[in-house]
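Please open the model in your viewer and keep the selection panel at hand, since this tour moves from one selection to the next and says what is there at each stop.

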Amino acid sequence: MAASGFFSKRGARPAENERSSLLDELESLGLGCFWASDADGTLTYVSPAAVANHGIEASELVGKPLSQVFADEPHVASEPGARPLTFVLGSHTAIRDLTVRLKPAPSETWWSISAQPQIDRKGAFAGYRGTARDVTAIRHSSADRDHMARYDALTGLSNRARMAQRLQATITAVKAAKRSCALMLLDLDRFKQVNDTLGHPYGDKLLKQVAQRLQKIVGDKGEIGRIGGDEFQIILPDMDDRGELGALASRLIQMVSQPYSIEGSRAIIGTSVGIAIAPYDGVEAEELVGGADLALYAAKGNGRGQYRFYSQELREEARWRREIEEDLRDAVSKQQLRMAYQPLVRSSDYHVAGFEALMRWDHPVRGEVGPGTFIPVAEETGLILEIGAFALREACRQAAEWPGDLKLAINVSVPQFVNAEFVEQVAQALSDSGLPAERLEIEITESVFLGDHETVIDRIGALTRMGVRLALDDFGTGYSSFGYLRTAPFNKIKIDQSFVRGATENDNNNAAIVSAIVSLADALKMETVAEGVETLDELELVVAQGATLLQGYIFARPEAHEAIMERLDHGELTYEPVGPAKYRADRQSMFRRVGIIHGDHLYGAMLRNLSKSGARVEGIAGTREGMQIVLDLGEGQLAVGTVRRAGETEFGMEFETALVSDGADGLCTRHRISPYALANAGMPLTALPQGVYPLNPAAGSGGPTGPRELMEVVARQRGAA
């Protein structure tokens, strides 16, 4: 009968001896790795050939605790149901395919280990005997797949999926710890034009440079992601200061808008930013994304290259914009659009030199609608081409009736100017009206040079040959380059009103900027127009700086053609300046319900005007100068201030902390009271009819009892106390 077990050529040997020989051979060939430990968790054996492949001698490992030989993967402790290596070893249970890092290896090495616990004759745990296999290459491949699943392959930024996970995790922390988090959405302006003109490879390289600029500015303040196409998202934990966020958004816009150089070509784009902040604008990720998206839409609708904070008003504004778009389509055919004219006067004698044509919309329900409201909608929908053509025809027809050589200035949008039919439309308008070409002045902004440069120069050349004059509008507010001033034959540079406004104050450089623009224009033999002159001190300054022409409310507001003709028929060609003596911060006139907090009561009142430094409120009696109050502007916006002027039923107040811009034409507080603190204080809703509403200090532990206590909540919330 044959013996059982394995046999060698010499004859029968015990099976376990043959097995041991085979295992030795596997080890020597590097096809297997074996290890063993004692009951104390000390490594007693490891295959020499297996560790030698990683530059280690087996003797260096034997005798060391397993915790010094093997280490967990970094993410094991955070995975649901996963058990760390120390727990597994301490439980004395079987090990199945546990991935560990070989700590003594000079380079990153990962093993998958399996082992069975050994039991001695007394039934006690005697250590482990097991195997290991090198999974370094597999792990790197898996890590690459994981990286690709979470990061954008083009820019290296987080992708949409990772940003959604990060935002959800951050929002969870916001709710749990009553913290804050800001979310910014960025959309690149004019990127599609670059992509379509120069090609997708060029556009991809441009996106990489945009990502690098964003990372440089944001740094470690937050996480940036590319969520698709030319859209980016920034998560900023523990940020709610709208002054700081507005400054960051401005830097992002400025940096992204700087020229790009790619393979010898030059590209210029821009960006718009929408901002929402938790918990004020929502306590769910979807709410925050929706709010930031709505704010971004408002920023783009306001002229692009701007930022905007979310507010509840934006939802109503979005609905209103949709209605405006629908009504605007019929405005031309229903003859609701008309032209108004504002005088351009000589600085030397205030004699009128011409008029700028400005469009107005006489809406049958809303009344007069200004161009700042409907022109952005027209540009977004493409209606600007039809509206612009109408404005050109109508303005030329009416200007032909003016006496003498008075000039007509008309602003032309970028889509209208680069339109292939524009030059022909100008020629036709001049021919139909009989207006001499030299009396027409086309105003274009610097943004026309951000697109197809050759097309722009071609249009400029055709208009110049026709005899039409050219003016550069809003100079210095966007992308500025002396290059186009050298190649484009402009007759006039218009100094934007943002440089004129506040130029007499000591804390800005506006006066120096005005002086520099005038000097540049003089050197290039161009006229200058100072826009937006409203006060006598501004008038004195721009005249002293040498501006050629002046325009602003200090002389006249835009008037209908009939009013202009009546004035001209009477020979009234000189405009006398009438306005305030000095500039002061802009005040926004309004009629809006607000709350006034004094003592332990909230009073309903009406806000009549608002500036960065103060407000005028109606509907409150019994105030006195020096009284400290809190103005509740809604949505957690509480501004503490002091009454400086008191009347029978109204008062003027000065804020302790100035308001900041909301990114558009509005103002907002730097900080807001969180919904949690408001609920704890027993604060009622703000948009109330006039009356008295007692606060409820007992609603929460230590709730505020007056204006100072409420502001202490603000201070604690922003870490100032």
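Begin by selecting Tyr128, which at 1% relative accessibility counts as buried in this predicted model. Add Trp35, which likewise counts as buried, at 2% relative accessibility. A search of the whole structure finds 10 aromatic pairs, and Trp35 and Tyr128 form one that is tilted, with 6.3 Å from centre to centre and 45 degrees between the planes. This pair links distant parts of the chain, given that Trp35 belongs to strand S3 (residues 33–37) and Tyr128 to strand S8 (residues 125–134), 93 residues apart. If you now extend the selection to Phe70, Trp111 and Phe125, you will have on screen a cluster in which ring pairs link these three with Trp35 and Tyr128.

For another aromatic pair, select Trp361 and Phe374, whose rings are edge-to-face, 5.7 Å centre to centre and with 85 degrees between the planes. Trp361 lies in strand S17 (residues 352–363) and Phe374 in helix H13 (residues 371–381), 13 residues apart along the chain. Are these two residues, Trp361 and Phe374, buried or exposed? Both of them are buried.

Rings also meet charges in this model. Select Arg213 together with Tyr260, and you will find the charged end of Arg213 over the ring of Tyr260, 3.6 Å from its centre. A further example is Arg557, which lies over the face of Tyr553 at 3.9 Å from the ring centre.

Next, go to Ser112, which is found in strand S7 (residues 110–119) and counts as buried at 5% relative accessibility. Which residues is Ser112 in contact with, once its neighbours within four places in sequence are left aside? Show Asp97, Leu98 and Thr99, and then Thr131, Ala132, Arg133 and Val135, and you have the contacts of Ser112.

From there, move to Gly274 in strand S14 (residues 270–278), a residue that is buried with a relative accessible area of 0%. Leaving aside neighbours within four places in sequence, Gly274 is in contact with Leu183, Met184 and Leu185, as well as with Ala292, Ala295, Leu296 and Arg308. If you also pick Asp293, which is 19 residues from Gly274 along the chain, the distance between the two C-alpha atoms is 6.2 Å.

Now turn to the nonpolar interior. In soluble globular proteins, nonpolar side chains tend to be buried together. The largest nonpolar core here has 77 residues, and those with the most contacts inside it are Trp402, Leu408 and Leu440. Helix H14 (residues 384–399) contributes the largest share of this core, namely eight residues. Apart from it lies another core, of 38 residues, among which you can select Leu214, Leu236, Met239 and Ile275. Returning to Trp402 and setting aside residues up to four places away in sequence, you will see that Trp402 touches Tyr341, Phe355, Lys407, Leu408, Arg439, His561, Ile564, Met565 and Leu568.

The last stops concern charged side chains. Side chains of opposite charge can pair when their charged atoms come close. The count comes to 31 salt bridges, including one between Glu368 and Arg338, at 2.7 Å from N to O. That pair links distant parts of the chain, with Glu368 in strand S18 (residues 367–369) and Arg338 in strand S16 (residues 337–346), 30 residues apart. Glu368 is exposed, with a relative accessible area of 52%, whereas Arg338 counts as partly exposed at 25%.

Then select Glu356 and Lys494, whose side chains meet in a salt bridge at 3.0 Å, N to O. Glu356 lies in strand S17 and Lys494 in strand S22 (residues 492–495), so the pair ties together parts that are 138 residues apart in sequence. Glu356 is buried, with a relative accessible area of 5%, and Lys494 is buried as well, at 0%.

Finish at Glu618, which forms a salt bridge with Arg616, the closest N and O atoms being 3.4 Å apart. At 22% relative accessibility Glu618 counts as partly exposed, and Arg616 is likewise partly exposed, at 22%. To see the wider setting, add Arg608, Arg645 and Glu650, which salt bridges that share partners join with Arg616 and Glu618 into one network.

Key. Residues numbered from 1 in each chain as written. Predicted model: local features only at pLDDT ≥ 70, side-chain atom pairs only at ≥ 80, totals over all residues. Heavy atoms only, no water. Core = buried A, V, L, I, M, F, W, Y, C linked by side-chain atoms within 4.5 Å. Buried < 20%, exposed > 50% of the residue type's maximum accessible area, 1.4 Å probe, protein only. Helix = DSSP H or I, 4+ residues; strand = E, 2+ residues; numbered from the N terminus. Contact = heavy atoms within 4.5 Å. Phe/Tyr/Trp six-rings, centres within 6.5 Å; stacked < 30°, edge-to-face > 60°. Lys NZ or Arg CZ within 6 Å of the ring centre and 35° of its normal. Salt bridge = Lys/Arg side-chain N within 4 Å of Asp/Glu carboxyl O.
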